[in-house]
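Me: I should like to learn how to read the features of a protein model in a systematic order. Could we begin with a contact list and work outward from there?

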Amino acid sequence: MVDFTRDFTMTIDGEAVVGDATIDVINPATEEPVARAPDCSRDQLDAAVAAARAAFTGWRATPIEQRRAAVAKIGEVIGAHMQEFSRLFTLEQGRPLAMVGPEVGGAAFWAQQVSQQELPVTVNEETPNRRSETRHVPIGVVGAIVPWNFPLMIGIWKIAGALLTGNALVIKPSPYTPLTMLKLGEAMREHLPPGVFNVVSGGDAVGPWITAHPGIDKISFTGSTATGKRVMENASASLKRITLELGGNDAAIVLPDVDVAAIAEPLFWAAFGNSGQVCTAAKRIYVHEDIYGEVATALTALARNIPMGDGLAEGNLLGPVQNRAQFERVKALIAQAKANGETFLTGGEPSEGKGYFIPATIVDNPPEDSATVQEEAFGPLVPLLKYSDVDDAIARANASDYGLAGSVWSNDMEAALAVAERLETGTVWINETLYVMPWTPFAGHKQSGIGVEHGIEGLLEFTVPQTITARKPLVAAPREPATEGAEA
Ligand code: NAD
């Protein structure tokens with residue numbers, strides 16, 4: 001029986017492991033400690049990697065049907081503890097309980113879906129003499145590193161694909177939100193061979209140890225672009241395979257034909273869901289000048305009326321910023337905007353009491369070169385920007401080092417598609433955002449990432465191709481019987 005209120009232990013080689021030291025996990029709504037999580041030591045990480053290496057040989061040879069069942073089991077286990085995971089999630093992450101279902105239920109759904117995915121086998125050549133085929137075999141030990149904004153879902157993205165394809169895994173959640181992942185490790189101990197699925201938690205040292213570890217063959221990383229560059233550098237020493245899902249500064253382009261009343265709410269949540277702490281949040285909203293005022297009024301009304309507060313209190317739909325460092329960062333961006341003379345349609349006054357609360361803040365058409373527009377705030381601070389010519393809106397949207405996702409809002413599907421095709425991003429949504437599914441490849445362009453997650457292309461990132469070419473059995477050709485008189 002897993003107790004979700006205490007005993008937060010790492011899972012190493014199928015066993016519960018406490019840390020020599022601990023880190024405090026803080027509830028961002030109250031700034032009170034929720035629990036202590038183990039601070040993984042170097043020796044403990046080495047033990048986790050050694051256990052994963054030892055388990056890999058058996059796991060890769062385990063029939064795929066058994067691996068499918070194990071991945072589906074992860075979904076079952078989450079589904080069986082929905083309430084416990086959800087409450088713990090709100091306590092450590094801050095997102096209101098009413099908004100946690102898509103993450104916890106979604107993680108269960110995701111594992112179930114991935115458990116059914118098939119790796120392709122390509123027959124390159126089939127002739128009377130030769131057969132050549134390419135399959136996709138596991139890489140070895142995967143080191144997975146996860147951020148604090150979707151700590152369970154992003155973890156599942158990595159766990160399900162890595163285990164289905166026959167890799168062993170060491171996963172490290174963010175120090176700010178380790179608890180749900182530690183509990184998942186605990187709940188899965190009885191269902192997986194020891195060493196296949198290791199969960200370690202800890203402070204800032206653990207990530208770099210993982211990315212440089214000679215016993216790890218692949219890094220699947222989600223986090224900021226700055227950290228992604230460090231991951232790539234460290235991983236180069238042993239030429240690890242890497243998948244990097246990094247930051248974004250997604251543009252939403254609102255065309256003049258939209259029904260403002262209909263799009264206001266989805267557009268609001270595109271920007272402010274999870275308090276703006278979403279890699280693919282709408283972080284710059286470009287609105288045609290003809291409807292700018294109407295959109296500004298509608299978004300402002302929503303921002304003022306949607307209840308914000310402690311996620312465990314009923315009725316709240318917006319929570320705090322997840323941690324103090326991020327709170328300070330968003331506050332600094334707001335202060336900078338004020339110093340620049342930028343004006344606010346609403347918000348702009350971070351809480352001075354307990355909890356990292358910043359009301360949904362909308363900046364009124366700030367200069368394009370301001371930090372408000374150019375930087376990923378990763379919080380409830382969004383610029384509303386005016387355009388008159390759609391070509392100009394597209395050019396401004398594309399003038400970014402990021403290329404994660406973007407969205408276009410219009411009732412004219414042809415016009416929307418024409419804009420979508422010109423955005424330099426890995427994903428473009430039309431009239432929605434955040435529709436991310438296990439069967440849909442998701443990739444960051446430019447400095448938003450390297451590689452792909454999800455879909456078969458994402459699954460393949462946990463594998464390396466192996467081509468087997470067979471010359472068909474070599475049988476000596478029967479000797480031609482010598483014909484009489486032939487030598488004459
Ligand atoms: P972060 O880069 O600070 O941390 C991410 C993870 O990396 C954490 O587990 C952290 O402990 C670990 N880490 C920190 N330094 C490390 C190092 N030197 N080596 C190895 N690991 C290290 O990011 P964050 O603040 O937790 O998350 C926010 C960022 O993540 C935003 O930029 C957001 O856009 C991005 N993000 C991207 C996606 C995506 O799919 N592209 C999804 C979610 C979040």
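Reply: Let us start with one residue. Leaving aside neighbours within four places in sequence, valine 200 is in contact with Met10, Ile12, Cys40, Leu45, Ala48, Val170, Ile171, Lys172, Pro173, Val206 and Ile210. Please keep in mind that this is a predicted model.

Me: Which separate core, besides the one around such residues, should I note, and how many residues does this second core have?

Reply: The second, separate core has 28 residues, among them Phe272, Ala282, Leu318 and Ile362. The general idea is that in soluble globular proteins, nonpolar side chains tend to be buried together. In this structure the largest nonpolar core has 81 residues, and those with the most contacts inside it are Ile159, Leu163, Leu184, Phe197 and Val200. Helix α5, residues 153-164, gives the most to this core, with 9 residues. At least three residues come from each of domain 1 and domain 2.

Me: What are the bounds of domain 1 and domain 2?

Reply: The domain assignment gives domain 1 as 10-246 + 448-470 and domain 2 as 251-430. Their C-alpha centres lie 31 Å apart. The contact between them takes 25 residues from domain 1 and 29 residues from domain 2.

Me: Which residues does the UniProt annotation "domain: Aldehyde dehydrogenase" cover?

Reply: According to the unreviewed UniProt entry, that annotation covers residues 21-468. In the model, the span is 39% helix and 21% strand, and its end C-alpha atoms lie 49 Å apart.

Me: Valine 170 appeared among the contacts of valine 200. Is valine 170 buried or exposed?

Reply: One reads this from the relative accessible area, for which buried means under 20%. Valine 170 has 0% relative accessibility and therefore counts as buried. Its place is in strand β8, residues 168-172. Valine 170 touches Leu45, Ala48, Val49, Ala52, Val141, Val142, Gly143, Ala144, Asn198 and Val200, when residues up to four places away in sequence are not counted. For one of these partners, valine 141, the separation from valine 170 is 29 residues in sequence and 7.4 Å in space, C-alpha to C-alpha.

Me: How should I read a helix, taking α1 as the case, and where does α1 bend?

Reply: One may compare the reach of a helix with its expected span, then look for a bend and for the buried residues. Helix α1, residues 42-61, has 20 residues and reaches 29 Å from its first C-alpha to its last, close to the 28 Å expected at 1.5 Å a residue. The bend in α1 is about 40° and falls at alanine 55. Buried in α1 are Gln44, Leu45, Ala48, Val49, Ala51, Ala52, Ala55, Phe56 and Trp59.

Me: Alanine 47 is found in helix α1 as well. What is its relative accessible area?

Reply: The relative accessible area of alanine 47 is 36%, so this residue is partly exposed. Its C-alpha atom is separated by 9.8 Å from that of asparagine 198, although the two residues are 151 residues apart along the chain.

Me: Against which elements do the buried residues of α9 pack?

Reply: They pack against β12 (251-254), β13, α10 (292-305), β15 (361-364), β16 (381-387) and β18 (405-409). The buried residues of α9 are Val260, Ile263, Ala264, Leu267, Phe268, Ala270, Ala271 and Phe272. With 13 residues, α9 reaches 17 Å from its first C-alpha to its last, close to the 18 Å expected at 1.5 Å a residue.

Me: What phi does asparagine 274 take just after α9?

Reply: Asparagine 274 takes a positive phi of about 55°, in a residue other than glycine. Asparagine 274 is placed in the loop between α9 (260-272) and β13 (284-288). At 11% relative accessibility, asparagine 274 counts as buried. Leucine 434 also has a positive phi, of about 60°, although it is not a glycine. Leucine 434 lies in the loop between β19 (427-430) and β20 (445-446), and at 38% relative accessibility leucine 434 counts as partly exposed.

Me: Which residue does UniProt list for "active site"?

Reply: The unreviewed UniProt entry lists Glu245. In the model, glutamate 245 lies in strand β11, residues 241-245, and is buried, with a relative accessible area of 3%. Beyond residues up to four places away in sequence, glutamate 245 touches Phe221, Thr222, Gly223, Leu404, Phe442, Ala443, Gly444, Ser448, Gly451, Val452 and Glu453.

Technical notes. Residues are numbered from 1 along each chain as its sequence is written. This is a predicted model: local features need pLDDT of at least 70, side-chain atom pairs count only at pLDDT 80 or more; totals for chains, interfaces and linings use all residues. Side-chain values use heavy atoms; hydrogens and water are left out. A nonpolar core is a set of buried Ala, Val, Leu, Ile, Met, Phe, Trp, Tyr and Cys residues joined through side-chain atoms within 4.5 Å. Buried means under 20% relative accessible area, exposed over 50%, partly exposed in between (1.4 Å probe, protein chains only). Helices (H or I, at least four residues) and strands (E, at least two) are DSSP runs, numbered from the N terminus. Domain bounds come from an automatic or database domain assignment. Contact means heavy atoms within 4.5 Å. The expected span of a helix is 1.5 Å times one less than its number of residues. The bend at a residue is the angle between axes fitted to the seven residues ending there and the seven starting there. UniProt positions are given in the numbering used here, feature names are shortened, and annotations may be inferred rather than shown by experiment.
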